[in-house]
Amino acid sequence: MSVKQNLSEIEKTLAAHVPDNDQASLPNVIAVTKYVTIERAQEAYDAGLRHFGENRLEGFLEKKAALPDDVTMHFIGSLQSRKVKDVINEVDYLHALDRKSLAKEINKRAEHEIKCFVQVNVSGEASKHGVALEEVQSFIEMLEAYEHIRVVGLMTMAPYTDDTAYLKSIFKQLKHKRDEIQALNLSHAPCTELSMGMSNDYAIATEEGATFVRIGTRLVGKEE
Ligand SMILES: *Cc1c(COP(=O)(O)O)cnc(C)c1O
């Protein structure tokens, strides 16, 4: 399938699931290109996509160099502290801020304010990265010490399952936490955004108020 065809299906799904049928508040689609070539990423650009996501340093730098300048680049994977200096100033949004040591390193290396999502491990699965739900507020309050970090929102990766009710509960909990943090009116953490939903669960995430969905397989495919 062409990216254009896939995107058109995805856009229909988003439109059908957006809360209160409010078509003005559709989530932004991040094309996750980690499994595909530069050519396929360019096809996504030509289909009209402008948000791109990569989870590894090499892929990120390669796609950023190849794509036109008007793209917004999202680093969506966990970032090792020692690699921060090689990438942080190229990043428009970092989706996986999950520990103090990473915040410290970002703050040291960033030459401007970096828009970050705090990654939250809502499900509590041991295999998942992220701050536990109960610790999100204290973690974000601590980040005030780092002048180059701006917390734009919360991000989660839901478990891979077709249990819709369970996925809904995960996304609801993230939204609830986002609302709580937003209500604190912290100047370093406006926390207006919700990065949630992937190929398997983006319709449900949209229903629960996602502002960014991160879609790879369903949108650009997966090349082994
Ligand atoms: C790979 C990845 C995605 C996209 O996954 P698909 O299931 O292919 O849509 C989204 N978010 C993160 C953090 C990822 O690593």
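A polar contact here is a pair of N or O atoms within 3.5 Å. With that in hand, let's look around this predicted model.

**View 1. Polar contacts to the ligand.** Gly216 reaches the ligand through its backbone: one of its N or O atoms there lies 2.8 Å from a ligand oxygen. Because a polar contact needs N or O atoms within 3.5 Å, this pair qualifies. Thr217 uses its side chain instead, with an N or O atom 2.5 Å from an oxygen atom of the ligand. Ser199 also joins in, placing a polar side-chain atom 2.5 Å from a ligand oxygen. On its own the ligand has 390 Å² of accessible area, and the protein covers 91% of that.

**View 2. The shell around the ligand.** Here you can find the ligand sitting in the largest pocket. The residues around it include Val32, Lys34, Tyr35 and Ile76, and also Met155, Met157 and Met198. Arg214 and Ile215 are further members of this group. Sorted by class, the shell holds 7 nonpolar, 3 polar and 2 charged residues.

**View 3. The annotated domain.** An unreviewed UniProt entry annotates residues 29–222 as "domain: Alanine racemase N-terminal". Across residues 29–222, helix makes up 36% of the chain and strand 21%. The end C-alpha atoms of this stretch are 17 Å apart.

Terms used: Residues are numbered from 1 along each chain as its sequence is written. This is a predicted model: local features need pLDDT of at least 70, side-chain atom pairs count only at pLDDT 80 or more; totals for chains, interfaces and linings use all residues. Side-chain values use heavy atoms; hydrogens and water are left out. A residue is near a molecule or strand if one of its heavy atoms lies within 4 Å of it. A polar contact is a pair of N or O atoms within 3.5 Å; within protein, one must be able to donate a hydrogen and the other to accept it, and residues adjacent in sequence count only if both atoms are side-chain atoms. Accessible areas come from the Shrake-Rupley method with a 1.4 Å probe; for residues, only the protein chains shown count as cover. On a 1 Å grid over the protein atoms alone, a cavity is a set of points where a 1.4 Å probe fits but cannot get out, and a pocket is an open set with protein on both sides within 12 Å along at least five of seven lines; lining residues have an atom within 4 Å of a point. A molecule sits in a cavity or pocket if more than half of its atoms lie within 2 Å of its grid points. Ala, Val, Leu, Ile, Met, Phe, Trp, Tyr, Cys and Pro count as nonpolar, Asp, Glu, Lys and Arg as charged, and the others, Gly among them, as polar. UniProt positions are given in the numbering used here, feature names are shortened, and annotations may be inferred rather than shown by experiment. Helices (H or I, at least four residues) and strands (E, at least two) are DSSP runs, numbered from the N terminus.
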